[in-house]
Amino acid sequence: MNKPFSASILTLYPEMFPGPLGHSLAGRALENNIWSLETVAIRDFANDRHHTVDDTPSGGGAGMVMRADILARALDHSCEKHPDLPILAMTPRGYPLTQSKVRQLSEGAGAIIICGRFEGMDERLFEKRAIEPVSIGDYILSGGEMAALTLLDACIRLIPGVMGKITSGEDESFETGLLEYPQYTRPVEWEGLSIPEVLRSGNHAHIKAWRQAMAERDTRLRRPDLWERYRSVQASRPLARNKKDRNEK
């Protein structure tokens with residue numbers, strides 16, 4: 001039997017976990033041991049009586065910086081328990097989190113996640129440890145804890161046994177390169193608006209075509225960056241097929 005997805009969170013605020021992950025699908029999965037969670041309190045690895053984890057930035061500047069030596073002790077402690085898990089650090093300086101990255105993580109054994117605070121972490125930590133910096137968006141949070149919760153929520157819902165249907169996550173935004181198509185449910189009439197007739201037609205081919213058209217429309221209008229990427233991928237596919245056909249002749 002495979003081990004459950006395991007998350008080890010390095011944080012200054014262990015009481016923030018599991019937080020919302022203790023409810024709904026993720027919460028039930030946690031209770032059923034489909035995934036596991038532990039927190040590592042970074043302050044426990046400080047040497048002074050005040051449990052200081054930060055210091056002033058070298059070269060001057062506002063705020064404080066998390067110390068590499070203390071973070072490394074906390075990280076090494078977690079790595080001893082989970083030697084095979086990838087190490088991520090939640091930071092606005094990281095690589096953008098994508099659905100493909102989420103799916104990759106969800107198919108693995110879990111992750112060690114470092115939650116940054118203050119002005120960030122001493123860069124030497126990244127130079128001395130195999131850490132992948134990850135960002136959930138182009139905005140600033142108070143700390144990495146909310147980002148870690150977001151990342152874990154995205155991963156946990158894809159673990160087999162968490163969602164009711166194995167196909168539940170396949171047609172959602174970003175899975176196909178497009179935003180998801182609009183959704184409707186009863187009542188059929190609401191405040192003068194009706195559910196589109198095609199969705200009530202029972203013609204599954206027409207419904208599929210309508211949903212594809214709506215997904216393309218909304219992606220083009222709301223996320224032109226995704227739309228251009230999607231068009232580029234679609235344009236390259238016939239070339240790939242033609243190349244394959246030539247190789248098979």
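Throughout these legends, contact means heavy atoms within 4.5 Å. The model is a predicted one, so to speak of local features takes a pLDDT of at least 70, side-chain atom pairs count only at pLDDT 80 or more, and totals for chains, interfaces and linings use all residues. Residues are numbered from 1 along each chain as its sequence is written, and side-chain values use heavy atoms, with hydrogens and water left out.

**View 1. What covers the buried side of helix H3 (residues 99–106)?** Helices (H or I, at least four residues) and strands (E, at least two) are DSSP runs, numbered from the N terminus. Lys 101, Val 102, Leu 105 and Ser 106 of H3 are buried (under 20% relative accessible area; exposed is over 50% and partly exposed in between, with a 1.4 Å probe and protein chains only). These four sit on the same side of H3, because they cover an arc of only 135° around the axis (the arc being that of the directions from the helix axis to the C-beta atoms). Their cover includes E1, E5, E7 and H5. Flip to the other side of H3 and you find Ser 100 and Gln 104 exposed.

**View 2. Here is the open five-stranded sheet, in the order E2-E1-E6-E5-E7.** Its pairing is parallel, where two strands pair if DSSP finds at least two bridges between them. At the edges are E2 (35–41) and E7 (131–135), each pairing on one side only. From one strand to the next, the twist averages 35° (axes are lines fitted to C-alpha atoms, for helices over the stretch in contact, and angles run from 0 to 180 degrees between N-to-C directions).

**View 3. Zoom in on E5 and E7, with helix H5 packed on the sheet.** E5 (residues 87–96) and E7 run parallel and are joined by six bridges. One to look for pairs Ala 89 with Pro 133 in E7. H5 (residues 144–156) touches E1 (5–11), E2, E5, E6 (110–115) and E7, and its direction makes about 165° with that of E6.

**View 4. Ser 78 of helix H2 (residues 68–81) is tucked away.** Its relative accessible area is 0%, so Ser 78 counts as buried. Setting aside residues up to four places away in sequence, Ser 78 touches Ser 8, Leu 10, Glu 38, Val 40 and Ile 112.

**View 5. Glu 216 has its place in helix H6 (residues 204–222).** Glu 216 is partly exposed, because its relative accessibility is 24%. Beyond its neighbours within four places in sequence, Glu 216 is in contact with Leu 178, Trp 227 and Tyr 230. Ile 34 is 182 residues from Glu 216 along the chain, and their C-alpha atoms are separated by 35 Å.
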